[in-house]
Structures are given as C-alpha cells and as structure tokens.
Amino acid sequence: MAFGPFLLLALMEGLVTAAVLALAASGLSLLFGVMRVVNVAHGAFFMLGAVLAWAVDSVVPAPPALAFLAALVIAPLLVASLAAVADGLILKRLNYDPEATIVATIGLLYMIQQATLALYGPNANPVTAPFELRLQFPWFGYSGYKLFVVVAAALVLLALWAFMTRTKAGLIMRATQVDRTMARAFGINVDRVYMGTFALGAALAALAGVLIVPIQQAHYLMGGDPLLLSFIVVIIGGLGSLRGTIVAALIIGLSDGVISMFFSPTLAKIIATLLVAMVLVFRPQGLFGAKA
Amino acid sequence: MGESVKPFALHLALILALAVALAVLPPYPATMLARILVLAVFAMGYNLAYGYTGLLSLGHALFLAAGVFAAGLSAQFWGLSAGPALLLGVLAGGGMAAAVGLLALRTAGVSFMIVTLMFAQAGYLTILYFGPITGGDEGFTLPAASRVILGFDMSTDTPRFVAALFLFAIGLLVSLALVRSPFGRSMVAMRENEERSRMLGINPFTVKLAALVISGLYAGAAGAAYALLFGYAGANFATIQYSILPMLYVLLGGAGTTIGPFLGALLMFVLIEGTSRLARLWPVLEGMDYFVIGAALVVLVLFAPRGILGTLRERGLKWLP
C-alpha cells in the first residue's frame, strides 16, 4: 500500500478511537466540571459496560441487532444505578473531598475489577456486531460498524450538549457547577444533582464500553487504557470543558492512530502521558480551557 | 520514663522484636517478614512525603522502579556487586524524585496526584518500550554473583533477613530523627498551613522538594534491596499498583506516625494471606486480594482517615512520634 492510503487507514482508526474516547472522557469531564472530583473508577464503568453488553448479548435470544440495541440501553442503565449507589454510600459521606474521593474511587476500581473477575472470569469474550457491512475502498476494505461507532458517538455527544444547554436539568447542573452554595440557596437539591451527575458520567463511560465491544473483546482489565486516555483528553481539553474535551479527543485519537501505525503504540502513549504532565504543570487550565 | 525517651525505647523494642521474630520463625513466614520490612521502608518514604509533608503522590512506583532497575541493570550489564548496586539504586530513587519534584511541585492537590501518576505511567511505558534491555513485562533474574554483600550471599536466608532488618532499622531511626528535627517541623508546617510558613520565612518549594527527594531515596533503597534480596527486577514494580500500596499501608497504619507504615504493611500482608488461606476453604474467594485492597481503601477513607496509630495518638498516646 502507498503512503496515502496507509495514512487514510491510520486516520480512520484514529477517528474511531477519538469517538469512543470523546464519549468516555466527556463523562469524566462532566464529573470534574460539576462535582470537582476525579473518578478513578471511570475505566471500571467503561469495562462494566462492555462486560454487561456481552452478558445481555448472550442472554437475550434475539438477532444480533436487537440484542445489541438492548445492551445499548440496559448496560448504561445498570452501570448508572451502580454509580448512584456508590455515590450515596461513599462519595457523599466524604463530602466530595477531592483527595479522599480519589483514594475511595481507587478502592472502588479494585473492587469492581475483582468482582468482575470472580463473576465473569479472566477470558476475553467477543460480541457480534449488530450488522455486517464492509465498505470497499480502492485500497482496503473497512468495517462499516466502526463508522457507525463514530456516528453514534457524535449523536450521543450532540444529545449531551443539548441536554446541558437546552433543558432545565442541564441548567440546574450548570448552576451547581458555577456555584454550589448559591445553587443550594436557590433551593436546588445539590446532593441529588451530584448523584445524577455521577450516574450520567458513569452511563457515558458504559455506553462507550458497549460501542467498543464488537471491535474489541470484553475483558475485566480493559478499563485501564481508556481511563488513562480519558484523563489525558480531559486535562488537555481543560478540566470540565465539554468542547475542549471533544477537540482534545480528536487530537489524541487521531495522533494516537497515526503514531501507533507508523511508530509504536507504546511510544504514542509515552508521548501522550508526558504531554499531559507538562500541560498540567505549565498550563493547568488546559490547552483550550479559558481559565481554571 | 521521660517523654523524650519513650519513642526511642519503643522503636528499639520494635527492632529487637523483629530480630527475634526473624530468628525464630520458620523460613516461609520469615521470608515474608523480610519482604514486609523492605516494603515498609518504601512506605516509610511515602509517609515522609504524604503523612508529614502532605504531598499525596500517585507516582511513587516510579521511584521504587528506579531503585529496582538501577540496581538490577547495573548488576546485569556492568557486573556491579551488591553494595555499589544498592547505593546506585538509592541515588536513582532520589534523583528521579528530584526530577519529578522540580516539575510536579509547581502544582498541588489533585493536579499533583495526576502529574505524578502520569510521570509514573510514562516511566512504566518506557520500561516496556525498552523491553529488550529491561526484560519488559517478564523482567529478569539477577545474576547470583551480584547478590553478595561483604561476602554474605543474599540468596540464602540468614544474610537476607539480617540485611532486610538492617535496612529497616536504619530507615526507621532516620525517619524518627528526621521528624523530630527542625526540618521535620518545617515538613509538618507544609502539611498544616503552607501560606503561614511562607510568611514565617520558610520556602515551601525547597522544603517540599527536599522531603520528596528523601522520600525518593527511601523508595530507591527499598527497590534496590528488593531486587538484590529476592533476585528479580520487572516492570510490574513501576505499575500504578506499587504507587497505591504504600499509600494503603500508610493510611492503614496511620499517616504521620513513624511506625504506621510498617504496621500497615504487616496488617495488609496478614489480611491478604488470610484471604488466600480462606480461599482454600471457599474457592469463591480465589484471587480476591485486590478486592480486599479496594475494600480496605474505601473503609479507611470513610471511617478511619487517621489510621490505627493516628487514632491511638488522638485517644491519649500523644507521645507517639
């Protein structure tokens, strides 16, 4: 293959990564924006989404497309309920203290991972894609499902944006983000907003997990890389800024695709992690954030 | 006993008790205790940064791994003997901490946690990237010839136990002396109120950097000792898990207490060993050690943020250092 088509393939792979990443990272970014907490268990919610998608897929006796559709609804809902419970039992009692929350969510991550290992086992299991479609380019064939992932992620992000800017619930969340004391003074139940935000963030991660599982098999340790990359994206995009998160996801996803294709995936990750550390040190508001 | 003698007596008694335990225990638990002592040195270093200075780092695995690989690689490729290899490991840990600290200490709180986490992750990936040299995920076994200190072979039990205890005793006494020194008080001042100490003429950056470097020296020593005593170096020492473990030990034993890190390490080992014993009866518990670690973290931050010794100190034992 010549260089051009090769680059095109790398960019398309990168676009898929970017789409999934934008979805997962927007959840993390939402949590940080509204609640000012960092959720280390975010990758575990992503993994749970994928594993639950597999479970639904193997339980529901329906054609792949319907089973997948069911998973797309059920998995994020289950993960969101789990997150809401965790919020009520743990994070609320910590008063959302930033450092204690990180320690507690590390504990949560270990517990979810290990419980999944015990119930689901150490194997990686595939889920059939909801449809078989192969797009034939002059140089290579490409999976239609992967492009569907990009479109689906874009639609979800659009819906999230509309929710945050056009609905009353979104308005309340933004009000809490700007000033939680004032929001409380105006009669907003901040505890409920936090629980809802935490559940929504987890659901977004789970949704990303469901979308990725026909491409990448479900495995109990699959949450590590998305967690790290989501961190990177959220920080580079400016903590709490949805637009910045999406731009950063595109940059990181595409460059990850290109660097992984032409150099090595490990090198791509080394560069990205160091970049993130430098951004936090020298430009804490992120590359696109207005101010901290 | 006077108030200033009590702590010294307590620390000496602990070291003595450990010496007796190592002498009388059967080989398997004694080896485990030696492992605990080396990891406790790592946790003591973490405690100096977190417990006393208030620097909550998620990147200490990097300093540990610097020690492991400085000792391991120099033994492997340059045929360095154990003494110099250990020294090199200590310096590597401190040097790495200085490099990270110079950048990371420009941030604080959550940013500091993430920056240190990212540096450690980059270090881990770098070790994997240079897999042909470092052995990558598999790691490598140290050559037997390099594991000899002053004529004593560290691959045999007695010298290994003596070396572990010796390192632990030095670490413990140095940290006791340090936290009782004027510099130790400046460290605590950083934790309690950085702005006020700045007004009193202490430069926060210098104190925090020094504390982090000392912490790195401990981590490097523990890493190098682990490699030399147990004969293995591997990328797993650089994983985030090895940044979490010392935090867990310190939180459990009591942050900002000199003996807390050891107590936490000991209890965690007992807890995990207990779980795997139970797993022989109930196979459901098979490999649940991480679940135990996770649950311990959650329970500690929720119900006992001061840890065991911190709570004891609050309840009357005020002299606990």
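**Two chains and their contact: a short presentation**

Good morning. In this structure, 32 residues of chain B are in contact with 35 residues of chain A. I should say at once that the model is a predicted one. I shall begin with the contact between the chains, then take each chain in turn.

On the chain B side, the elements that contribute two or more residues to the contact with chain A are α4 (82–104), α5 (109–129) and α13 (289–303). Of the elements of chain B, α5(B) gives the most to this side, with 14 residues. As for the character of the residues on the side of chain B that touches chain A, 24 are nonpolar, seven are polar and one is charged.

Let me turn to chain A as a whole. Chain A contains 11 helices and two strands. Along the sequence, their order in chain A is α-α-α-α-β-β-α-α-α-α-α-α-α. For its 292 residues, a compact globule would be expected to have a radius of gyration near 19 Å, and chain A agrees, with 19 Å. Along the principal axes, the C-alpha atoms of chain A fill a box of roughly 60 × 50 × 35 Å. Buried residues account for 48% of the 292 in chain A. If we take the contacts in chain A between residues at least 6 apart in sequence, 77% of them join residues at least 24 apart.

One helix of chain A merits a closer look, namely α2, residues 42–59. At 1.5 Å a residue, its 18 residues should span 26 Å, and the end C-alpha atoms are indeed 26 Å apart. Is α2(A) enclosed by the rest of the structure, or exposed? Since 16 of its 18 residues are buried, α2(A) is largely enclosed by the rest of the structure.

We come now to chain B, which has 14 helices and four strands. Its radius of gyration is 19 Å, close to the 20 Å that the globule rule gives for 321 residues, so chain B is as compact as a globular protein of that length. The box filled by the C-alpha atoms of chain B, taken along the principal axes, is roughly 55 × 45 × 40 Å. Of the 321 residues in chain B, 50% are buried. Among contacts in chain B with a separation of 6 or more, 76% are between residues 24 or more positions apart.

Helix α2 of chain B covers residues 27–52. Its 26 residues, at 1.5 Å each, should span 38 Å, and its end C-alpha atoms lie 35 Å apart, which agrees. Where is the kink in α2(B) centred? The kink, of about 35 degrees, is centred on Y46(B). The helix α2(B) is mostly covered, with 19 of its 26 residues buried. Just after α2(B) comes G54(B), which takes a positive phi of about 80 degrees.

My last point concerns a single residue, G135(B), which sits in the loop between α6 (131–134) and β1 (140–141) of chain B. G135(B) counts as buried because it has 21 C-beta neighbours inside 10 Å, where the cut-off for a buried residue is 20 or more. Which residues does G135(B) touch, leaving aside those up to four places away in sequence? They are F140(B) and G234(B). In addition, the C-alpha atoms of G135(B) and A235(B) are separated by 7.8 Å, although these residues are 100 residues apart along the chain.

Thank you for your attention.

Methods: Residues numbered from 1 in each chain as written. Chains lettered and ligands numbered in written order. Predicted model: local features only at pLDDT ≥ 70, side-chain atom pairs only at ≥ 80, totals over all residues. Contact = placed C-beta atoms within 7 Å. Nonpolar A, V, L, I, M, F, W, Y, C, P; charged D, E, K, R; others polar. Expected span 1.5 Å × (residues − 1). Bend = angle between axes of the 7 residues up to and from the residue. Buried ≥ 20, exposed ≤ 12 C-beta atoms within 10 Å, placed from the backbone. Rg over C-alpha atoms; globule rule 2.2 N^0.38 Å.
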